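Please read the points below with the structure open beside you, and take them in order. They begin with confidence, then turn to the interior and the surface.

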Amino acid sequence: METIINSNTASHKFKSKLTKVFVCMLIIHFVLNFLGLGVLQYFYVLELAVFFLMIFALDPSEVIPYFFPLLMIEGQGRVLWSYNPAFRVVFDFFLLLITFRTFYIKKRIIDVKAIPNYIYLLIFFHFVWYGIQLFNPNSVGFFGVLAATKVYIIPFFFFLSFLANDGLSKPENLIKTRNIMILTLGLESALAIFQFTQGDQFITGMHPYYATIIGDAFTGDLYRSFGTTHLAGGYAIYILLFLPLIFLVPAKKKSIFAIQLIVVALCLYAMFLAQVRSAFIKAIIIMTIISIGLFLRGEKKFKKLVQLTIFVVIGFISVNSLNFNIANSDAKYKSAIIRLFSIFDQRTLTKSRHGPSVAITYILEKLDDAPLGLGPGRTGAASGMNKAKIQNDPIFGVSKSWALDNLFVSLSIDLGIGMIFYMLVIILLPLKLLNHCVRAFLRNSPIFPALWVTSVSSTIILLGNWGAIGLPYNPESFCFWFFIALGFKNVEESNFESIH
C-alpha cells in the first residue's frame, strides 16, 4: 500500500513539474518575442516536445486547458518554419492524439448523458450525408471531399472527446483554464502593443518569412501586429475567443479581480490596434453581456467590471476622436482610428455584410442549382486546396462557389439540402445550452458562471458567422465545440451531484 501511495505521489509531482515547465517555456516564448530573437524558431520545437509528453503523461482533462496557449502560439510556429507542412498541422495532430487517448482511456466515444439523443441522431445523419458527398458528381473529386473532412467531420470527434472527459468541468480545471488564459492574454496583448510601436522591420528582423506574409499590404504606416499568430492583426480573433475564459470562475481575491480588469483593458487596446473591427465590437458585446449576467446573478464585483469596461471603451474612443488632429502626426494610429469608426458607416457595412433577404435568396438559388450541393471543399479556407479544379470547372466555376462570406450560404453550396443536419446541430446546441443557463440562473446554481460564459461565447461565435465562414476552422472551431462541451458537462455533473 505504501509503495502505491509513494508511486502516486511521485507521478503527481512529475505531472505538476511538467505543466510548470510548459508554463515557464510559454513565458520564455514571449520574452524571446519581445527581444526579437530568431532562436525562437528552435525553442518552439522544444515547447512542442514538452507538450507531446504532457499529452501522454497527464489525464486528457488536465491537458485540454493548455491547448489554448498552444493554439495562440502555433500560428507563429508556422511562420518561423516558413509554413513547412509539418508545422501547419501541429495543433490538429496533437488534438487528434488527445482525442484518441480520451476514447481509449474512457472506453467510449459517446456520452449518452451529456447531450440530447436527437443531437447524436443529427450528427449521424450529417455523417451519412457526408459519405454521399464523396461520390457527388459536382464535387472537386473524391480526395478533395476527403480532405475537407478536416473541417466538417473531424471537429465532431473533438467535440465527442470533450464530452467523454468527465473531469473537464472540475473546479480545479476551470481555475487552471482561467489562470492560464489570464497569463496568455496578458502576454499576448502586451506583445501586440509592443510590436505595433516597433513597426514591421522589427518582426521581419526576427524571421524573414514575415516579409512574405506582410508583402506590400501591411508595411510602414499600414503595419498591423502579428502577436504570436500567423496573420497581421490576427491575434484579435484569438483574444475575442479566449477572453471569456478568464471569467469561468468568479474571482474571490481582489488581486485576481484587479488582474482581470488590467488584462481586459490591455486586450481591448491591443484589439483596437489590430484594426479587426468586428472582433473589437464583438469583444465589447461579449464582455458586457457576461458581466451583466454575472452581476444580476449576484456577483456584485462584476458591476464594477461592466462600468469600467464601458468607461474604458467609450473614454478611449472619445478622447482619441477629440484629439484626431494630434493623431495625424502618427499615420499608423490615425489608420486604426479611421478603420474603427468606419464600422458605423452604413455604406461600408452594407458592402461587406449582406442582409437576411439577400442571403436567403442566394441559398435558395444554390439549392435549386444543385440540390446535392457542389461538394465539401468548394468554399471557405478549404477551397484553397482545390483552387485549380474550381477555376477550371466548366459548369460550376469560381462565381458559383462564392459564399458571400456567410457560413450558411457556404453550407448550401458545399452540402446542398444536407446542410440542414449540420445547421441544426450548430443552432440547437447553443439554444439548448442557453435554456440550461436560464434554469441555472433561476435556481441560483453554482454552475451558472461557467454555464453563462460558455453559452454566451458559443452563441456569439455562431451569430458572427453570418458575416464570416469561421466556425468550421480553427481557432473558432476548437473554441465553439469546447465551449458547448464544457457547458453541457457542467450541466451533467450538476445533475449527477443533485441525484447523489
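1. This is a predicted model, and its chain averages a pLDDT of 83, with 83% of the residues scoring at least 70. Among the elements of the chain, the highest mean pLDDT, 96, belongs to helix α2 (residues 40-57), while the lowest, 46, belongs to helix α18 (residues 324-327).

2. Two stretches call for caution when you look at them. Over residues 322-329 the pLDDT stays under 50, and the model has 7 contacts there beyond four places in sequence; over residues 496-500 the pLDDT also stays under 50, but the model has 0 such contacts. Where pLDDT is low, the predicted coordinates should not be read in detail.

3. Which residues of the largest nonpolar core touch the most other members? Among its 152 residues, they are F51, F67, L185 and F242. Helix α26 (residues 476-499) supplies the largest share of this core, with 11 residues.

4. F51 is a good place to look at the packing in detail. Leaving aside residues up to four places away in sequence, F51 touches F22, V63, Y66, F67, L70 and F94. In soluble globular proteins, nonpolar side chains tend to be buried together.

5. On the surface, I27, V31, L35, L37, V39 and Y42 make a nonpolar patch of about 530 Å². Helix α1 (residues 2-35) gives the most to this patch, with 3 residues.

6. Is I27, which lies in helix α1, buried or partly exposed? I27 counts as partly exposed because its relative accessibility is 34%, a value that falls between the cut-offs of 20% for buried and 50% for exposed.

Conventions. Residues are numbered from 1 along each chain as its sequence is written. This is a predicted model: local features need pLDDT of at least 70, side-chain atom pairs count only at pLDDT 80 or more; totals for chains, interfaces and linings use all residues. Side-chain values use heavy atoms; hydrogens and water are left out. Patches are made of residues with over 30% relative accessible area and no salt bridge: like charges are joined within 9 Å, nonpolar side chains (Val, Leu, Ile, Met, Phe, Trp, Tyr) within 5 Å. Accessible areas come from the Shrake-Rupley method with a 1.4 Å probe; for residues, only the protein chains shown count as cover. A salt bridge is a side-chain nitrogen of Lys or Arg within 4 Å of a carboxyl oxygen of Asp or Glu. Helices (H or I, at least four residues) and strands (E, at least two) are DSSP runs, numbered from the N terminus. Buried means under 20% relative accessible area, exposed over 50%, partly exposed in between (1.4 Å probe, protein chains only). A nonpolar core is a set of buried Ala, Val, Leu, Ile, Met, Phe, Trp, Tyr and Cys residues joined through side-chain atoms within 4.5 Å. Contact means heavy atoms within 4.5 Å. pLDDT is the predictor's confidence in each residue, from 0 to 100.
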